Amino acid sequence: TLWNLSSHDSVKMEIVDQGLNALANEVIVPHSGWERGGSGGEESCKPRHLEWETSLTNTAGCLRNVSSERSEARRKLRECSGLVDSLMYIVQSQINRKDVDNKLVENCVCLLRNLSYQVHREVPGCERYIEAAPVNQGPTSANKGGCFGSRKGKDEWFSKGKKDGDDGSADAYDFPKRTTPAKGYELLFQPEVVLVYTSLLKESKNPSVLEAAAGALQNLCAGRWTFARYIRAMVRLEKGLPIVTELLAHNNDRVVRAMSGALRNLAIDSRNRDLLGVHALPNLVAVLPEGQSQSRRNLSEETIVSVLSTLAEVLGNNLEAVKKLRASTGIERLVLISKDGNRSDREVRGAGQVLQLIWAHKELRRPLEKDGWKKSDFMVNPNPSTTTINGPSTRANGTYEDSTTPLLDKGEKRDVIPLNDIGPDAYSTLDQKERRHTLEETTDTLPTNS
């Protein structure tokens with residue numbers, strides 16, 4: 001009943017104010033299997049939450065809904081004693097049991113994703129970790145492929161350039177040592193949480209779980225603060241970049257959009273950006289429509305715009321990445337979008353932004369002209385009254401977008417964020433179906449029992 005009620009906006013805060021402590025203290029915390037002060041060693045004990053799985057699923061579904069209400073709701077959920085610890089424990093125990101596609105995991109991960117939204121602005125003491133300017137976050141050479149080197153078969157192309165004897169240790173990252181274990185809301189943004197989300201991306205077949213895990217990573221990589229920098233580096237070290245990149249080929253529109261959004265924020269890290277510029281560009285290009293008709297996967301406008309924005313972030317001022325795009329069918333597909341009268345203004349503007357980044361490299365203009373392209377192909381401005389699209393000096397390499405683009409139901413409309421208005425904290429979202437001026441979604445209501 002509470003899960004169904006929580007899908008109604010007008011009662012969400014009332015459920016938080018009057019029901020949160022009972023839902024957490026009477027259901028989730030005691031029956032999750034997590035113990036206060038415990039070591040958290042799941043392998044050594046029976047996962048006690050299983051006998052309470054239905055109750056936990058319903059409760060997590062209710063909290064998932066109310067977590068999309070507003071920042072005050074998220075604050076109370078984050079600071080509810082034992083709640084985040086228990087949610088993490090449930091998800092980790094399900095990963096250990098290789099049972100990650102059920103509704104309990106989905107609700108827990110979607111709730112964690114919502115609680116990860118705007119953490120760089122909303123958690124206590126966040127101002128101490130704000131970084132005033134973009135930091136050079138690692139070597140810029142894309143030749144070292146150590147962080148991709150352990151994957152085999154169709155993924156071997158990720159390890160090109162790996163020198164003999166290179167075990168990837170040169171790509172190590174100096175994370176600060178904690179004096180006390182993280183607990184509560186701090187667990188949301190510790191570098192170790194990357195292992196949870198990358199495990200879900202590898203193991204899950206549930207599109208909602210995949211989407212939520214990628215959305216959580218993008219939320220955590222957003223914002224100009226220290227922990228976002230750590231998370232971006234940890235995803236690379238845990239070989240998460242190829243995992244997210246491969247999921248761009250998924251047949252679910254929302255999953256593709258979530259992966260694109262995660263890659264966009266991961267590319268803020270210069271090391272990630274160079275690796276993605278070498279290895280992920282073909283996957284991003286493959287998402288774009290290749291003919292006058294819609295893409296064969298019939299991807300939404302939101303997803304196409306997201307991929308175009310990610311391409312702009314990955315390309316930046318990187319000449320080698322632009323050459324990689326030229327060697328693929330990237331320019332053809334971008335020009336097709338820009339000249340397709342059926343495309344939205346946002347899609348045309350997004351394609352134009354990427355084409356302008358390409359044309360900005362003067363050393364490529366003669367080769368491009370030899371390919372048969374004209375300057376006019378790269379100068380796209382569908383609406384002269386709009387603000388000029390940001391060039392590489394102001395847009396790429398150092399923007400800090402938040403989270404993933406919003407999730408939509410069919411026929412639902414939203415107030416769009418124009419691509420050229422993307423700023424330091426644009427594209428902030430939660431997990432769920434958005435409502436008019438919010439960037440939020442709620443879960444489906446629980447079926448009533450007959």
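## Loop residues with positive phi

K239 sits in the loop that links α10 (226-237) to α11 (240-246), where helices (H or I, at least four residues) and strands (E, at least two) are DSSP runs numbered from the N terminus. Although K239 is not a glycine, its phi is positive, at about 60 degrees. Its relative accessible area is 23%, so K239 is classed as partly exposed, on a scale where buried means under 20% relative accessible area, exposed over 50%, and partly exposed in between (1.4 Å probe, protein chains only). The model is a predicted one, in which local features need pLDDT of at least 70 and side-chain atom pairs count only at pLDDT 80 or more, while totals for chains, interfaces and linings use all residues. Residues are numbered from 1 along each chain as its sequence is written, and side-chain values use heavy atoms, with hydrogens and water left out.

K98 also has a positive phi without being a glycine, with a value near 55 degrees. This residue is placed in the loop between α5 (83-96) and α6 (103-116), and K98 is exposed because its relative accessible area is 66%. As background, most residues other than glycine have a negative phi.

## Overall composition

The protein chain contains 19 helices and zero strands. Of its 450 residues, 58% are buried. Where contacts (heavy atoms within 4.5 Å) join residues at least 6 apart in sequence, 78% of them link residues at least 24 apart.

The unreviewed UniProt entry carries the annotation "repeat: ARM" over residues 239-276; such positions are given in the numbering used here, feature names are shortened, and annotations may be inferred rather than shown by experiment. In the model, the chain over residues 239-276 is 74% helix and 0% strand, and the C-alpha atoms at its two ends lie 12 Å apart.

## Buried positions in α12, α13 and α15

V256 belongs to helix α12 (residues 253-266) and counts as buried because its relative accessibility is 0%. When neighbours within four places in sequence are set aside, V256 is in contact with L247, L248, H250, V287, R297, L299 and T303. For one of these partners, T303, the separation from V256 is 47 residues in sequence but 7.0 Å in space, C-alpha to C-alpha.

R273, in helix α13 (residues 270-279), has a relative accessible area of 12% and is therefore buried. Its C-alpha atom is 5.4 Å from that of V314, although R273 and V314 are 41 residues apart along the chain. Helix α15 (residues 301-315) holds A312, which counts as buried because its relative accessibility is 0%; between A312 and G350, 38 residues apart along the chain, the C-alpha separation is 8.5 Å.

## The nonpolar core

A nonpolar core is taken here as a set of buried Ala, Val, Leu, Ile, Met, Phe, Trp, Tyr and Cys residues joined through side-chain atoms within 4.5 Å. The largest such core has 108 residues, and those with the most contacts inside it are Y197, L200, L201 and I358. Apart from its neighbours within four places in sequence, I358 is in contact with L315, V322, L325, I331, L334, L368 and F378. In soluble globular proteins, nonpolar side chains tend to be buried together.

## Packing of α2 against α3

The axes of α2 (residues 9-31) and α3 (residues 53-66) come within 10 Å and cross at roughly 150 degrees, the axes being lines fitted to C-alpha atoms over the stretch in contact, with angles that run from 0 to 180 degrees between N-to-C directions. On the α2 side K12, I15, V16, L20, L23, V27, I28 and H31 take part, and they meet S55, L56, T59, A60, C62, L63, N65 and V66 of α3. The residues of this contact divide into eleven nonpolar, four polar and one charged, counting Ala, Val, Leu, Ile, Met, Phe, Trp, Tyr, Cys and Pro as nonpolar, Asp, Glu, Lys and Arg as charged, and the others, Gly among them, as polar.
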